[in-house]
Amino acid sequence: MIEKIENYLKGNLNETEKSEFEIQIKQDAELQARVMEYKKVFGTLKTIAQREKLKKHFNNIHTTLPKEAKVVEMKSRFKLTPRDFAVAASVLVIMTLSLFLYFNLQHKQQSKYLMLKRDLDALKNSQHKLVQHINKRNQVVIPSKYGASAFMISSKGYLITSYHLIKEANSISVENSSGIILNAAVVFSDDKLDFSILKIADSAYKIDGVMPYGFKNESADIGEKVYTLGFPQENIVYEEGALSGRLGYRGDSSSYQISLPLNPGNSGGPLFDENGNIIGMIAGKQEGSDGVGFAIRIERILSSIKNAPKSTFDDKLNFKNQNKLKGLKRTKQLQKAEPFVYLVKVY
Amino acid sequence: MEYSDSEVIRLIRINDQSALSFLYKKHYGMVNHFILNNNGSDDDAKDIFQEGMIVFYEKLQMPEFELSCQIKTFLYAICRRMWLKKLIHRSKFIGKINDNEEIAEIADEEISQIDKKENDITSMNLALNKLGEPCTTIITDYYIQNLSMENICEKFGYTNADNAKNQKYKCLTRLKKIFFAGNKN
């Protein structure tokens, strides 16, 4: 009987058989119920079969997805996968640019200067809401989470990073590549030069060895080979290049132009010369030009710090560290410098 | 090759494979982005997106179905709801969804249809498992993998096709019983 039901439901009965069976069904309520039940069973099995087929097809398509199809955004708990970062970076850079273009009135009119901060969760308040909010109050509403780099300038627990990065921060934490996370607070900012000094505000803090790099208090030359360490992604990244110009963005005499591959997240990181001296702090890159970046000259930074009001720093900062990296192989220099470069997370 | 929404719908209805492919590649990123921003992984995104695409495909199989919004909006709404359900099921819903697209309202009848179908499928899979061997394999091979009776004959060593067929019907009777017993909920 089931065979007949199945054939009927599949449409395998000829005209006479079919009409006969249908009469039978009409007259027999129990048969009708059974037919309905099998209809459902076969229907569900068919759907399952179709889905298996579809899934196979989809899995095939999935393997052919270009990497760019998957736009990776950072989760609110800051779990960033290293891959697809270039895409996230360019998306973020464009978003940051549009926000800044919208409001930076004091800044250069057509600012093409991209500040290299990373917007984590930039879409947390949806773009739509942001624009509305902006139109209403003419204020910058900045997404609440960023990540970038910082480095130690004094073993008493002082770090330097970008000002634009932390200026809206409610709280800041820093993390180096050994995974230790510490709280930090801003103690000094220079908005013209765009840097801030942070002090580690954590009783768990203990300096991990002596800072191995020195500060070069004189101008560096174009052609000088330079490098940086930073966090354009969650793991520390090394980039190298050369000093390409004595002036920064639009002739800014407080910065250098460097040819170095930079990404959002590199902001605030150290610029080293070949011998491991700090000659600057990474600040930004030129829109649309890969490999054109800018770094604030360290001598300007140090001078600004020295001219800060007396009560700014609890400790006396001198920048006379001895450079222990000179003459060492690059990999060795990096090993020694790495613990003093930090990932900054702003909330 | 760029297709408009109505073109894609027309092509999918006539079973054009490239249209499905196009749709998949076009919208995967949006859902992936959403899932990752809401406590999910890449694997979660793949699963949810594929399930959403399946719902869309199945809807299209009904000729009376008419989409009143963009395909993108529909997919997003479906996937969002599925993900929310999953998060709640995993006890991982933190009370807030981060949206990156506008949310379309799905009609209540649509939702109940979708849920009902999902329930049926879950019940069926459970029932299939409860069948035990050889029924689970016979039914799965014949109805889901669409293997032929001869194939199944060979596999189980039945002496002839009629034998296999009878076995199949015995299994079906049991399956129906278990399915409806379980589906009462």
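Mentor: Before we start on this predicted model, keep in mind that contact means heavy atoms within 4.5 Å.

Trainee: Okay, so which residues of α3(A) meet α8(B)?

Mentor: From α3(A) the residues are Arg34(A), Glu37(A), Tyr38(A), Lys40(A), Val41(A), Phe42(A), Thr44(A) and Leu45(A), and in α8(B) they meet Leu172(B), Thr173(B), Leu175(B), Lys176(B), Phe179(B) and Phe180(B). Sorted by class, this contact of α3(A) with α8(B) has eight nonpolar, two polar and four charged residues.

Trainee: And at what angle do the axes of those two helices cross?

Mentor: The axes of α3(A) and α8(B), the helix of residues 161-182 in chain B, cross at roughly 90 degrees and come within 10 Å. Angles from 65 to 115 degrees count as roughly perpendicular, and α3(A) and α8(B) are therefore roughly perpendicular to each other.

Trainee: Zooming out, how many residues of each chain are in contact?

Mentor: On the side of chain A there are 40 residues, and they are in contact with 48 residues of chain B. The area buried between chain A and chain B is about 4000 Å², and carbon and sulfur atoms give 63% of that area. Leu45(A), Arg51(A) and Phe58(A) supply 16% of the area that chain A buries against chain B, which is more than any other three residues.

Trainee: You mentioned Arg51(A), so what does its side chain meet in a salt bridge?

Mentor: The partner is the side chain of Glu118(B), with 3.1 Å from N to O. Across the interface of chain A and chain B there are six salt bridges by the rule used here, and twelve residue pairs between the two chains are in polar contact.

Trainee: Which element gives the largest share of chain A's side?

Mentor: That is α3(A), from which 22 residues come, while the elements giving two or more residues to the side of chain A that touches chain B are α1 (2-10) and α3 (29-63) of chain A. By class, that side of chain A has 16 nonpolar, eight polar and 16 charged residues.

Trainee: Switching to chain B on its own, how do α1(B) and α3(B) pack?

Mentor: Helix α1(B), residues 5-13, and helix α3(B), residues 42-60, pack at an angle of about 75 degrees with their axes 9 Å apart, and α1(B) and α3(B) are therefore roughly perpendicular to each other.

Trainee: Which residues meet there, and how do they divide by class?

Mentor: Ile9(B), Ile12(B) and Arg13(B) in α1(B) meet Phe56(B), Tyr57(B) and Leu60(B) in α3(B), and the residues of this contact divide into five nonpolar, no polar and one charged.

Technical notes: Residues numbered from 1 in each chain as written. Chains lettered and ligands numbered in written order. Predicted model: local features only at pLDDT ≥ 70, side-chain atom pairs only at ≥ 80, totals over all residues. Heavy atoms only, no water. Buried area = accessible area lost by both parts, 1.4 Å probe. Salt bridge = Lys/Arg side-chain N within 4 Å of Asp/Glu carboxyl O. Polar contact = N/O pair within 3.5 Å; in protein donor to acceptor, adjacent residues only side chain to side chain. Helix = DSSP H or I, 4+ residues; strand = E, 2+ residues; numbered from the N terminus. Nonpolar A, V, L, I, M, F, W, Y, C, P; charged D, E, K, R; others polar. Axes fitted to C-alpha atoms, helices over the stretch in contact; angles between N-to-C directions. Parallel < 35°, antiparallel > 145°, perpendicular 65-115°, else oblique.
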